[in-house]
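Hi,

Here is the structure I promised to pass on. Have a look at it first, and then read my notes below.

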Amino acid sequence: MADSRTSADGGMETSYGFREVADGEKQGLVNEVFHKVAKRYDVMNDVMSMGLHRAWKDAMIAALNPRKDATYKVLDVAGGTGDIAFRIVEASNRLAHATVLDINGSMLGVGAERAEKKKLSDNLTFVEANAEELPFEPNSFDAYTIAFGIRNVPHIDVALKEAYRVLKRGGRLLVLEFSEVDLPLLDRVYDAWSFNAIPRFGKAITGEAEPYQYLVESIRKFPNQQDFATMIGEAGFSRVSFTNYTGGIAALHSGWKL
Ligand SMILES: C[S@@+](CC[C@H](N)C(=O)[O-])C[C@H]1O[C@@H](n2cnc3c(N)ncnc32)[C@H](O)[C@@H]1O
């Protein structure tokens with residue numbers, strides 16, 4: 001299942017939130033969003049998720065259970081301001097090495113500053129690159145993580161194939177992403193929060209509502225748990241499974257390169 005499709009005039013289209021845009025246009029629009037929000041990204045994450053993103057990220061790291069040795073190498077894609085990579089390094093008793101890869105230099109800049117303050121820089125490398133074209137040799141990493149990143153990538157199928165390529169045999173893929181809410185009352189509350197409160201808080205805190213409008217719309221356009229699990233399998237991964245968090249507001253997908 002690919003996320004790009006042919007438009008009426010024969011060109012390729014993909015979704016940018018609820019809008020259809022030309023295939024080549026999405027990445028530039030996404031990059032603008034994250035350039036605009038980079039400095040306020042961490043604060044807004046707490047506001048948007050009412051702090052829940054911290055618990056979901058902690059659960060992701062518990063599922064990964066990073067090896068506590070210096071040969072353990074993780075690639076955190078769409079790593080932004082470093083939340084996942086920091087947790088991985090700390091959970092490994094500061095032994096593992098994490099590469100934080102992101103297409104956006106503004107997000108990585110905030111991440112590198114935070115890493116210095118936390119004295120984690122020795123265990124981290126920051127790389128500005130595209131998830132669809134990873135600048136690494138095949139079979140390089142023990143684990144590939146991506147949190148709240150994959151729905152922003154224009155060609156999810158390409159990014160998943162790249163994940164498979166750079167993982168070592170026996171390596172693990174973990175994807176944390178907003179997903180489909182499966183509780184009847186929660187879905188209404190969640191809709192009201194997403195479409196009314198989040199863009200307003202975004203405007204109040206960052207001066208911009210539009211990036212947050214995109215973020216909530218992009219969540220609704222992302223494949224549901226089962227469909228995304230199928231895509232992971234199609235990229236070559238085995239033993240694909242998922243776990244819902246908070247009634248499916250977020251889900252953690254797992255796959256192995258066997
Ligand atoms: C919502 S943030 C997630 C940041 C971090 N993983 C976290 O959980 O806090 C999404 C990130 O995806 C990055 N991104 C979007 N498209 C990308 C691509 N094609 N390749 C790599 N990173 C991308 C953005 O620049 C942004 O930093």
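Glu177 sits across from Ala251, a residue of strand 10. The strands behind that pair are strand 8 (residues 167–178) and strand 10 (residues 250–257), which run antiparallel and are joined by eight bridges. Before I go on: this is a predicted model, where local features need pLDDT of at least 70, side-chain atom pairs count only at pLDDT 80 or more, and totals for chains, interfaces and linings use all residues. Residues are numbered from 1 along each chain as its sequence is written, and side-chain values use heavy atoms, with hydrogens and water left out.

A few words on terms. Helices (H or I, at least four residues) and strands (E, at least two) are DSSP runs, numbered from the N terminus. Two strands pair if DSSP finds at least two bridges between them.

Now the sheet. It is open, has seven strands in the order 6-5-4-7-8-10-9, and its pairing is mixed. Strand 6 (124–128) and strand 9 (238–245) are the edge strands, each pairing on one side only. From one strand to the next, the twist averages 15°. Helix 9 (residues 225–234) packs on this sheet and touches strand 8, strand 9 and strand 10 (contact means heavy atoms within 4.5 Å); its direction makes about 155° with that of strand 9. Angles here run from 0 to 180 degrees between N-to-C directions, and axes are lines fitted to C-alpha atoms, for helices over the stretch in contact.

Elsewhere in the sheet, strand 4 (residues 73–77) runs parallel to strand 5, with five bridges joining them. Val74 stands opposite Ala98 of strand 5. Is strand 5 enclosed or not? Five of its six residues are buried (under 20% relative accessible area, with a 1.4 Å probe and protein chains only), so strand 5 is largely enclosed by the rest of the structure.

Just after that strand comes Asn104, in the loop between strand 5 (97–102) and helix 5 (105–118). Asn104 is buried too, with a relative accessible area of 1%. Which residues does Asn104 contact, leaving aside its neighbours within four places in sequence? They are Asn31, Phe34 and His35.

There is also a hairpin of strand 2 and strand 3, with two residues between the strands, where Gly17 takes a positive phi near 60°. Strand 2 (residues 12–16) and strand 3 (residues 19–22) pair antiparallel over four bridges, and Thr14 has Val21 as its bridge partner in strand 3.

Last, a helix pair. Helix 2 (residues 41–49) and helix 7 (residues 184–206) pack at about 150°, their axes 10 Å apart. Helix 2 and helix 7 are therefore roughly antiparallel (that label covers angles over 145 degrees). The contact uses Val43, Met44, Val47 and Met48 from helix 2, and Trp193, Ile198, Phe201, Gly202, Ile205 and Thr206 from helix 7.

Cheers

Technical notes: Parallel < 35°, antiparallel > 145°, perpendicular 65-115°, else oblique. Buried < 20%, exposed > 50% of the residue type's maximum accessible area, 1.4 Å probe, protein only.
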